[in-house]
Each structure stands twice: as structure tokens, then as C-alpha cells.
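Here are my notes for anyone opening this one for the first time. Have the viewer ready and follow the points in order.

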Amino acid sequence: MASRKFTIKVPATSANIGPGFDVVGLSLSLHLTLTVVVPPPSDGPYVPPLLKYTGEGAAEVPLDAYKNLTTRVALYLLRCHDIRSFPSRLDIHVNNEIPFGRGLGSSGAAVIAGVLLGNELGGLNLPRERLLDFALMVERHPDNVTAALVGGFVGSYLRELDEAATEAASVPLSEVLPEFPPDAGEDWGLNPPVPPLGIGHYVRFGWSESIKAVAIIPRFELSTAKAREVLPLQYSRKDLVFNLQRLAVLTTALGQSPPNPELIYEAMKDRVHQPYRKALIPGLPEVTSSITPATHPGLLGICLSGAGPTILALATHGFDAIAEDARAIFRKTNVKIDWKLLTVVGGSVVVQ
Ligand SMILES: Nc1ncnc2c1ncn2[C@@H]1O[C@H](COP(=O)(O)OP(=O)(O)O)[C@@H](O)[C@H]1O
Ligand SMILES: N[C@@H](CCOP(=O)(O)O)C(=O)O
């Protein structure tokens, strides 16, 4: 019997796009790719997975399958289906183009890669909606994981669950993700909480082909957890209405051809997360307020990408001027940047 080989490819994502905090996401042309070889069953002793890693994060990512986010998520899926461990001598090569902790959805991509890996290894054939439930037990805001899974410009919500399901869906992450092999003398993690059915729901919006994304990526990391801690628990009606009005317009405006810069620039403004995150990202207010469609022809709108620190500028042309002027503003605060011109791509694929 021959080895089985397959590839999993998951895109980067930019969440929020201004007013859509925890609601909208956009899949972008940087990828996390797993090349997986499953050897045929043998009678020899059990050999744990061999994990190799190249690209972004290679120096810091754990290569122990019981510590690595992607493989722990895969194991979570397997154990929820009574499969206790990875196949023996599993070989996984990860190549990552998505920088860590920059607001481009690296952790969401790692989680989606994990659910797809578990689904393949276990031969589970779970539908996309069920895979999303598993991803949402790990990454609990739906914007990144939904866009990474289904691709495009996507809006999603979490269904209100009944009391029992809410409890099942809100267990600590440490109870969801296994951290030990099955022979570690621990029962812990072998019967993890199974996700309630239908946690997340989504819709894909139109996207005008002419719109590209300039990702202006500061050379420092900001963890999403830290950037969420600075957000308030309550908002004024004025600020909520400000965002709702803009989000309603934005979801259609980005699908129109030709896109309307005046409409989009205003519709990408936000009062729910960016004002609170500016202290963590020196240069953010100046970049978003001084780079406008009037000063930079081709620009449509500009916002924080996810929890930051990356800034996302949507534009049809004039990409170099936008990025280089953002670089100059960041330089004044001693922050160096890299920038990439990205396109909106399809969702995750598994190729046999
Ligand atoms: N491919 C990956 N494999 C394993 N862990 C990853 C991978 N990508 C991201 N992570 C984990 O997620 C962390 C970054 O997540 P987060 O703070 O949410 O930032 P973001 O998702 O915006 O890049 C990394 O420091 C790392 O621990
Ligand atoms: N809605 C979330 C999105 C986080 O995205 P990430 O790419 O920074 O992980 C938030 O704004 O906190």
C-alpha cells in the first residue's frame, strides 16, 4: 500500500475592514500551505508526527505536534470523533507566508489548516459548516476563520445558543486543545467538548475585481489578545450607529464597479476598535487620516487590518505612493514597515 499525500492551502485574512469589528473578513493572497504524507499502516512501534516548518514564524513555532496550534486543532477534531492519535510516521511540511501577530489572520489560518488536517486524516468528510463550528471553538471571533475557510469578502455572525450549548461553546481553550499524546498517562484532553451545531453563519458579499489591497506591515508584533484587552465593554449609541451606518454601505460599495472612493473612504471609518488601539500602534491615526482619495489618487479607503499593527489600504492604483507615504509617517515614530500588494483570493483548498 502506497503513502497518501495531500496539500492544504489556507489564505491570510484581514478582519474588520474599518467598521465591521468581529463581523467581516477578506481573504488575501498570502498562504499557509501544509504538505502532508501519511505512510501506509505498519506493525512497527508508534512514531509521532514529524513536523517541518519554513517561512514566516519558522524560528518560533513549536515543532512538537502536541504544542503546535495547527496539529493541536487537528487532534481536537480527531478526538471529538474517537480517534485518539495521529497516524504513525505522519510527515507534515508547513510553509507559511503569513507574518505572525500582524493582523493578517495567521492564527485563524493555522486553526483552519488544523480543522482541514483533522478532517482529512480522520476521513471525516465533515461539511464546511461543521468545520467552521470546530474552528469557532478555538478562535472565537468568526471574521478571520470564516474568510479563511470560504474565501472572498465575507460577513458572519455567531448564532445565539441555548444555555447548554452556550456553556459547551465557552469552555476554556485549554479544555478544547489537546496538549499530550494519548500515552502520557493523562486522560485529560481525550474527550474534549464537542462543538454545538451551527455556531457560525456567513454570507459572501460582492467584490469589485479592480480593488487591490496594500498591506502596510510594521516590523513589530502585536498579539490579538493584547489588542482586544484595550477595548471597552460598552459603547455609546452614537458610536454604534456610526459603525452600523458605514458597514451597511461598505458591504455593497466594495462590490460596485467602478468603486466610488468618496463613499468607500468614509464607509471604512470606525469608532469601535481603532480609536482604542491607536496607543498600541504609533502612527495609526496619522496614516489613516492623512492618506485620502484626495491626496492619493486610486485610494478607496484605509483601516487597521484585524487587530493590527498592519494597515490595509484598498485601492485601484497608486499603490507605491500610498505605501511609501505610509512608510514615511511610520518612520517619524521609529517604526519600520514592509509592504505587499495583495489580491482577494478564494478560500481554503485541499488537493489530493
Ligand atoms: N502557522 C502557524 N502555526 C502555529 N502557530 C501559529 C501559526 N500561525 C500563527 N500561530 C500562532 O498564533 C500567534 C499569532 O496570533 P495572533 O496574535 O492572533 O495574531 P494574528 O492572527 O493577527 O497573526 C503566533 O504567535 C503563534 O503562536
Ligand atoms: N476582529 C478581531 C480580528 C483579529 O484579527 P487578527 O488578524 O489580528 O488576529 C479583532 O479586531 O480583534
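1. Start with the make-up of the shell around ligand 1: 7 of its residues are nonpolar, 13 are polar and 1 is charged. Keep in mind as you look that this is a predicted model.

2. Which residues sit closest to ligand 1? Look for Leu 69, Ser 106, Ser 107, Ala 110 and Thr 224, out of 21 residues that surround the ligand. Two helices, H1 (69-80) and H2 (106-121), each bring at least two residues to this shell. H2 gives the most, with 4 residues.

3. A word on the record here: an unreviewed UniProt entry lists residues 68-152 as "domain: GHMP kinase N-terminal". In the model, that span is 56% helix and 7% strand, and its end C-alpha atoms are 27 Å apart.

4. Now move to ligand 2, which has 17 residues around it. The nearest are Ala 15, Gly 103, Thr 224, Gly 306 and Ala 307. Thr 224 is worth a second look, since that residue is also listed among the closest to ligand 1.

5. What does the shell around ligand 2 look like by class? There are 5 nonpolar, 9 polar and 3 charged residues. Strands E1 (4-16) and E2 (20-38) each supply at least two of the shell residues, and so do helices H4 (142-150) and H7 (224-229). The largest share comes from H7, with 3 residues.

6. Check the domains too. Domain 1 (4-202) and domain 2 (207-342) each give at least three residues to the shell around ligand 1. For ligand 2, the shell likewise draws at least three residues from each of domain 1 and domain 2.

7. Leave the ligands for a moment and find the open sheet of 4 strands, in the order E8-E9-E7-E10, with antiparallel pairing. At the edges are E8 (299-304) and E10 (337-342), each of which pairs on one side only. On average, neighbouring strands of this sheet are turned by 20 degrees against each other, direction ignored.

8. For one pair within that sheet, pick E7 (residues 212-218) and E9 (residues 311-315), which pair in the antiparallel sense over 5 bridges. A handy place to see the pairing is Lys 212, which stands opposite Ala 315 in E9.

9. Last, the helix on this sheet: H12 (residues 319-332) lies across E7, E8, E9 and E10. Compare H12 with E7 in particular, as the helix runs at about 20 degrees to that strand.

Key:
Residues numbered from 1 in each chain as written. Chains lettered and ligands numbered in written order. Predicted model: local features only at pLDDT ≥ 70, side-chain atom pairs only at ≥ 80, totals over all residues. Near = placed C-beta within 6 Å. Nonpolar A, V, L, I, M, F, W, Y, C, P; charged D, E, K, R; others polar. Domains from an automatic or database assignment. UniProt positions renumbered as here; feature names shortened; annotations may be inferred. Pairing = 2+ DSSP bridges. Axes fitted to C-alpha atoms, helices over the stretch in contact; angles between N-to-C directions. Contact = placed C-beta atoms within 7 Å.
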